[in-house]
Amino acid sequence: EGKVLVPGMAEFVVTALRGKRPGKSLAEQLAAWKIFYKKFFHHQLDVESVRIPSRVEGFGRLIVVAKGFTLNQIYAVMVKHFKECWSYATDLDKAIPDNARDANRDGSYAIWARDRRDGDEENRNVSAHKAWGTKKPVFEPKMPWFTIAELMLNGLMYWDETGEHLDPDTWSSCPGSRDARGYVPCMYCDSGRVKVSYDYPDVSSGDLRPRSAVSCELESGGA
């Protein structure tokens with residue numbers, strides 16, 4: 001009879017019809033990440049120790065990176081839970097030494113991202129060189145681009161929430177990281193198989209899209 005029986009349901013339906021998911025509060029998202037780390041890493045996340053940047057309009061998805069976990073450990077969890085996984089390197093930690101943010105170096109932190117399944121539409125045809133603004137970037141915490149660790153964790157969380165994988169139609173690149181050969185890590189889903197791969201820093205296309213991040217200054221040695 002046109003009645004809204006559940007508070008917030010009308011907003012939920014309108015948002016869903018626009019291809020977006022209703023936003024969650026900071027407290028709700030921190031609680032979800034605490035459950036996530038307990039479930040997948042058997043880790044008791046101390047949310048009080050997580051450095052969180054100010055929220056920016058359009059960036060409503062929180063991604064928490066906890067201290068104590070390497071790329072190899074995160075990938076191992078992906079392999080355990082995803083139906084199929086592939087990585088271009090057997091040792092991701094050795095293969096990808098340059099990262100704007102590293103929880104094991106800087107302490108636990110969070111970034112804000114756009115809440116989307118595919119890579120950022122705004123960053124179509126943006127190469128890593130264009131994202132960096134130089135061919136010799138300095139990897140520092142306020143760099144406004146995803147690292148590969150952030151994307152892998154986001155992929156795990158998204159799958160846990162929805163049962164679906166990120167990037168079925170795009171490749172998300174991570175200019176916040178760079179591998180030992182100077183290539184840019186990326187991740188995508190190919191017919192149900194999640195792939196951690198790389199591309200050249202001068203390559204741009206409509207399907208290869210850097211994911212933007214809102215971050216903050218971090219001090220080495222944090223909790």
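## Contacts, cores and salt bridges in a predicted model

Asn154 is in contact with Arg61, Ile63, Phe146, Leu166 and Arg211, leaving out residues up to four places away in sequence. This asparagine is part of helix α7, and with a relative accessibility of 1% Asn154 counts as buried. The model in which these contacts are found is a predicted one, and Asn154 makes a handy entry point, as two of its partners, Ile63 and Arg211, turn up again below.

A look at the whole chain sets the scene. The protein is built from seven helices and nine strands, and 49% of its 223 residues count as buried. Among contacts with a separation of 6 or more, 76% are between residues 24 or more positions apart. The accessible surface amounts to about 11,400 Å², and carbon and sulfur atoms hold 51% of it.

The nonpolar interior comes next. In soluble globular proteins, nonpolar side chains tend to be buried together. Here, the largest nonpolar core has 51 residues, and the members that touch the most others are Trp33, Tyr37, Phe41 and Met78. At least two residues of this core come from each of α2 (26-41), β1 (61-65), α3 (71-81), α4 (92-95), β4, α7 and β8 (193-199). Helix α7 gives the largest share, with eight residues. Trp33 shows how such contacts reach along the chain: beyond its neighbours within four places in sequence, Trp33 is in contact with Leu45, Leu62, Ile63, Val64, Leu153 and Met157. Separate from the largest core is another of nine residues, including Ala128, Met143, Trp145 and Val184.

Charged side chains tell their own part of the story. In the whole structure, 15 salt bridges are found. One of them pairs Arg211 with Asp167, with the closest N and O atoms 3.1 Å apart. Arg211 sits in the segment after β9, whereas Asp167 is in the loop between α7 (148-162) and β5 (171-173), so this salt bridge ties together parts that are 44 residues apart in sequence. Both Arg211 and Asp167 are buried.

The surroundings of Asp167 deserve a fuller description. The loop between α7 and β5 holds this aspartate, whose relative accessibility of 1% makes it count as buried. The side chains of Asp167 and Arg211 also make a polar contact, at 3.1 Å. Besides Arg211, and not counting residues up to four places away in sequence, Asp167 touches Arg117, Asp118, Gly119, Ser172, Met187, Tyr188 and Cys189. Arg211 is thus a partner of Asp167 and also one of the residues touched by Asn154.

A second pairing brings together Arg209 and Glu121, whose closest N and O atoms are 3.3 Å apart. Arg209 belongs to strand β9 (residues 208-210) and Glu121 to the loop between β4 (109-113) and α6 (128-132), so this pair ties together parts that are 88 residues apart in sequence. Arg209 counts as buried at 7% relative accessibility, whereas Glu121 is partly exposed, with a relative accessible area of 46%.

A buried residue and a partly exposed one also meet in the salt bridge between Asp106 and Arg105, where the closest N and O atoms are 2.8 Å apart. Asp106 is the buried partner, at a relative accessible area of 2%; Arg105, at 35%, is partly exposed. Elsewhere, Arg114, Arg116, Asp120 and Glu122 are joined into one network by salt bridges that share partners.

Finally, the cysteines were examined for disulfides. A disulfide is a covalent bond between the sulfur atoms of two cysteines. The count in this model is zero. Cys174 takes part in no disulfide, and the nearest cysteine sulfur to its own, that of Cys186, is 7.6 Å away. Because a disulfide requires two cysteine sulfur atoms within 2.5 Å, the 7.6 Å between Cys174 and Cys186 does not qualify. Likewise, Cys186 is in no disulfide, its nearest cysteine sulfur being that of Cys174. Cys174 is buried, with a relative accessible area of 0%, and Cys186 counts as buried at 0% relative accessibility.

Notes. Residues numbered from 1 in each chain as written. Predicted model: local features only at pLDDT ≥ 70, side-chain atom pairs only at ≥ 80, totals over all residues. Heavy atoms only, no water. Salt bridge = Lys/Arg side-chain N within 4 Å of Asp/Glu carboxyl O. Buried < 20%, exposed > 50% of the residue type's maximum accessible area, 1.4 Å probe, protein only. Helix = DSSP H or I, 4+ residues; strand = E, 2+ residues; numbered from the N terminus. Core = buried A, V, L, I, M, F, W, Y, C linked by side-chain atoms within 4.5 Å. Contact = heavy atoms within 4.5 Å. Areas by Shrake-Rupley, 256 points an atom, 1.4 Å probe, with all protein chains shown as cover. Polar contact = N/O pair within 3.5 Å; in protein donor to acceptor, adjacent residues only side chain to side chain.
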